[in-house]
Amino acid sequence: MLTPPQLLTIFGASGDLMRRKLGPALLQLARQGLLPDRFAVLGFGRTRMDDESFRNLITDTLQVSPTDEAWRWLRERLFYCQGGYGDEASMRRLGERINELDALWRLESNRLFYLATPPEVFDDLVIGLRESGLNKSSGWVRIVVEKPFGHDLDSARQLNQLLWTAFDEHAIFRIDHYLGKETVQNLLVLRFGNTIFEPLWNYRFVDHIQITVAESEGIGNRGQYYETAGALRDMVVNHLFQLLTLIAMEPPISLDADAVRDEKLRVLRSIRPFEPEEVDDHVVRGQYGAGTMGGRPVPAYRDEPYVAPDSTTETFVAMRLFVHNWRWEGVPFYLRTGKRLPRRVTEVHIQFRPVPFLLFPPETAGQLKPNLLTIRIQPDEGIILRVETKVLGMGMQVRSTPLDFYYADLGTKIPDAYERLLLDAMRGDQTLFMRADEVEAAWEIVTPILRHWKNSPAPDFPNYPAGTWGPEAATQLLAHDNRRWLTE
Ligand code: NDP
Ligand code: BG6
């Protein structure tokens, strides 16, 4: 598929996302020849810069040689417009710059706006675009909205309502960068490109499912944002729920964006939100205290910059959820995420049931483990299926053997999620973006938890030392069901 001519306008272009993710993604796309010749990027922000200093800022962060051909191609297409977010004069100036670039590069009035600012200014920007008429053109207009998408159900609904005053749903691209990860997309291929898994992918054969997104980093200098978010809003309602929906959904009737998103939505709607009195039985929250990581001491969350010394923000969540439908009734889905855990790893485990009848002698039967399918999302991306095999030699000893596939063995670099997502937005493919109803269904599940936690702040924070797998209560959550976390 060809990428049509267009102008990509990035609001907040002086920021971290532009430097760390969007800039490198654009360069990679340019390297692969995936950007159209008639293409330009217009950075926008309050920071005073002209085109040249914006280009220099991006050159510095990409650490690229000035003679690099793809970079030279991209560099001459980078422009900058200084202004405030949404005020009339700034929007007018932006409009003039857009028209000028449109004519210069013959961009056919196709416009992609990217909200790469903190969410505080999303509303002003959407209103500014609408009031200035920049949301309309003789070509197409689309908008990419970064996470977090609202901070609870009401605010997510309000943001959707506001976006619809300016853009059609088919023009709104809500990002969850986990969907752009190769290994996450591979979940679809694994499930629906193979015949062997699908017949087993249900309550009859699956004992339970675990999803762990563990991070070794703390919150660094993002304290201001994180204090208003916490792990539930920052990770669970988006990244973990997206993984959950891809694992639990029914086969879609096609790969069309809406066909896939319809099925994901059904999963979210099959999860019953907790009553306040159920929350503590199913959801564990944690906050890291001081500890050691890789042999060096690291501070407690409450001692990080911009964090209140008595903060009750959670940096860890573990929960047990049930998807109430014919496929999954009674199968627990255990979700876990946290900062300052021992290592960075994102893994999904599909734990199958034990064999129904023990054919082997008692001493062998004791060694027999149920099959386990592990999908390693990152790092060491791959798939590992644990099967039981006979130990060579006399007798009937058995042992677990992994059948594994690692992307690293292919010898090619895994593209960054933002490369894929940027390209899809440029091409108008919404499959890997969240639809309004999906976002709201996800907030419906977590909002009662947020409300309960607000009413009863955790009395025991910090409750896990940095460098450990979270609070003891998370271990007990599974121990209560005679299970244990498989990622450790
Ligand atoms: P930054 O804090 O770096 O902000 C980006 C730019 O937005 C700033 O350079 C600033 O530009 C402008 N801005 C407008 N209003 C504010 C404000 N109230 N406070 C601070 N800056 C403001 O954010 P990021 O680039 O890290 O993130 C941008 C968006 O992307 C956020 O919604 C974030 O949640 C999301 N995101 C970021 C990721 C990352 O890796 N950074 C990963 C996933 C999502 P100026 O002063 O020039 O106007
Ligand atoms: C972001 C969160 O959305 O995802 C961060 O705001 C988190 O807190 C990050 O660290 C994790 O992304 P990845 O791709 O590094 O797993």
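## Exercises on a predicted model

Lys181 is found in the loop between β6 (172-174) and α7 (182-192). The model is predicted.

**Exercise 1.** Find which side chain of opposite charge is nearest to Lys181, and decide what that says about a salt bridge.

*Solution.* Start with the burial: Lys181 is buried. Next, look for the opposite charge. The nearest such side chain is Asp416, 6.5 Å away. Now apply the cut-off. A salt bridge needs a side-chain nitrogen of Lys or Arg within 4 Å of a carboxyl oxygen of Asp or Glu. Lys181 therefore has no salt bridge.

**Exercise 2.** List what Lys181 touches, leaving out residues up to four places away in sequence.

*Solution.* Lys181 touches Ile377, Gln378 and Ala417. Take Gln378 further. Its side chain makes a polar contact with the side chain of Lys181, at 2.7 Å.

**Exercise 3.** Follow the chain on from Gln378 and describe the peptide bond to Pro379.

*Solution.* The bond is cis, with omega about -20 degrees. Pro379 sits in the loop between β15 (372-378) and β16 (382-390). Asp380 lies in the loop between β15 and β16 too. Asp380 is not a glycine, yet its phi is positive, about 45 degrees.

**Exercise 4.** Locate the cis bond that leads from Lys147.

*Solution.* This bond runs from Lys147 to Pro148, with omega near 0 degrees. Pro148 belongs to the loop between β5 (141-145) and α6 (153-166).

**Exercise 5.** Is Arg106 buried or exposed?

*Solution.* First place Arg106: the loop between α4 (88-105) and β4 (111-115). Its phi is positive, near 50 degrees. Arg106 counts as exposed because its relative accessibility is 54%, and exposed means over 50%.

Key
Residues numbered from 1 in each chain as written. Chains lettered and ligands numbered in written order. Predicted model: local features only at pLDDT ≥ 70, side-chain atom pairs only at ≥ 80, totals over all residues. Heavy atoms only, no water. Helix = DSSP H or I, 4+ residues; strand = E, 2+ residues; numbered from the N terminus. Buried < 20%, exposed > 50% of the residue type's maximum accessible area, 1.4 Å probe, protein only. Lys, Arg positive; Asp, Glu negative; His and termini not counted. Polar contact = N/O pair within 3.5 Å; in protein donor to acceptor, adjacent residues only side chain to side chain. Contact = heavy atoms within 4.5 Å.
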